[in-house]
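Subject: Structure for you to look at, with notes

Dear colleague,

I am passing on the structure we spoke about, and my notes follow below it. Please read them with the model open beside you.

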Amino acid sequence: MLYHERRFGTATARIHVSKVEPLGIDCPHVCRLCWRAPCIAACPIGALQKDERTGAVLLGVEECIGCSACVDACPFGMAALHPESGLALICDLCGGDPACVKRCATGAIAYEETGAAAQAKRDRLVARAHQEALNAGGEG
Ligand code: SF4
Ligand code: SF4
């Protein structure tokens, strides 16, 4: 969005948000950085490549013909076509420093190594279970 386009706009964003108005929920969706990326496999001319450093999918702007095969192939709805250029829109992690993470006012999204993120999740689960056990003990 801002990083690539120098303007804000949902139509050109590489991150997407589902809004569930009745519940007041906004749910962000991001590229899963698939190891065997269906979008790359689907491209008939090899315009998409893995960034070996970040794992992101990189678009060869000069090669892309806007056929939308990558859009159809992405199981998570994270590929789109640019409304003006007609070329593929896929998150490239802003080169390894995602602007969306820096701009998120509530810290709802993070950019971190998968192993560290999984460990942090496990730690949170253990801490929650510990707290629940303490609370249950206090009630008795
Ligand atoms: S839109 Fe571009 S990147 Fe996507 S499959 Fe077609 S040529 Fe490849
Ligand atoms: S755009 Fe879709 S298919 Fe491609 S790496 Fe991201 S989540 Fe996977």
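Which residue takes a positive phi in the hairpin of β1 and β2? That residue is G24, whose phi is near 70°, in a hairpin that has four residues between its strands. Please keep in mind throughout that this is a predicted model, and that every value below was computed from it.

**The hairpin of β1 and β2**

The two strands of this hairpin, β1 with residues 16–20 and β2, pair in the antiparallel sense, and five bridges join them. Two of the facing positions can be named: V17 has P28 as its bridge partner in β2, while V20 stands opposite I25 in that strand. Strand β2 covers residues 25–29, and because the number of buried residues among its five is zero, β2 lies largely in the open. The count for β1 is likewise zero of five residues buried, so β1 lies largely in the open.

V17, which lies in strand β1, can serve as an example from this hairpin. Because V17 has 10 other C-beta atoms within 10 Å, and 12 or fewer is the limit for an exposed residue, V17 is exposed. Once residues up to four places away in sequence are set aside, V17 touches D26, C27 and P28. D72 is 55 residues from V17 in sequence, and the C-alpha atoms of the two are 19 Å apart in space.

**The chain as a whole**

The protein chain has five helices and six strands, and from the N terminus on these elements run in the order α-β-β-α-β-β-α-β-β-α-α. The domain assignment divides the protein chain into domain 1, residues 2–96, and domain 2, residues 110–140, and the C-alpha centres of domain 1 and domain 2 lie 32 Å apart. Along the principal axes, the C-alpha atoms of the protein chain fill a box of roughly 65 × 35 × 25 Å. The radius of gyration of the protein chain is 19 Å, whereas a compact globule of 140 residues would have one near 14 Å. Of those 140 residues, 16% count as buried. As for contacts between residues at least 6 apart in sequence, 45% of them join residues that are at least 24 apart.

**The two ligands**

Which residues are closest to ligand 1? They are C43, C64, C67, A69 and C70, out of 14 residues that surround this ligand. By class, the shell around ligand 1 divides into 12 nonpolar and two polar residues, with no charged ones.

Ligand 2 is surrounded by 13 residues, of which the closest are C31, C34, A37, C39 and C74. The shell around ligand 2 has 12 nonpolar residues and one charged residue, and no polar ones.

Of the residues closest to ligand 2, C74 may deserve a separate look. C74 is placed in the loop between α3, residues 69–73, and β5, residues 80–81. Is C74 buried or exposed? Because 20 other C-beta atoms lie within 10 Å, and a residue counts as buried at 20 or more, C74 is buried. Leaving aside neighbours within four places in sequence, C74 is in contact with P38, C39 and A79, and C39 is itself listed among the residues closest to ligand 2. A88 is 14 residues from C74 along the chain, and the C-alpha atoms of these two are separated by 12 Å.

**The loop between β6 and α4**

L93 lies in the loop between β6, residues 88–89, and α4, residues 99–103, and C94 lies in that loop as well. L93 has a positive phi of about 60° although it is not a glycine, and C94, also a residue other than glycine, has a positive phi near 50°. Where burial is concerned, L93 counts as buried because it has 23 C-beta neighbours inside 10 Å, whereas C94, with 19 such neighbours, counts as partly exposed because the limit for a buried residue is 20 or more.

With best wishes

Definitions and conventions. Residues are numbered from 1 along each chain as its sequence is written. Chains are lettered from A and ligands numbered from 1 in the order in which they are written. This is a predicted model: local features need pLDDT of at least 70, side-chain atom pairs count only at pLDDT 80 or more; totals for chains, interfaces and linings use all residues. A residue is near a molecule or strand if its C-beta atom, placed from the backbone, lies within 6 Å of it. Ala, Val, Leu, Ile, Met, Phe, Trp, Tyr, Cys and Pro count as nonpolar, Asp, Glu, Lys and Arg as charged, and the others, Gly among them, as polar. Two strands pair if DSSP finds at least two bridges between them. Domain bounds come from an automatic or database domain assignment. The radius of gyration is taken over C-alpha atoms; the globule rule is 2.2 Å times the number of residues to the power 0.38. Two residues are in contact if their C-beta atoms, placed from the backbone, lie within 7 Å.
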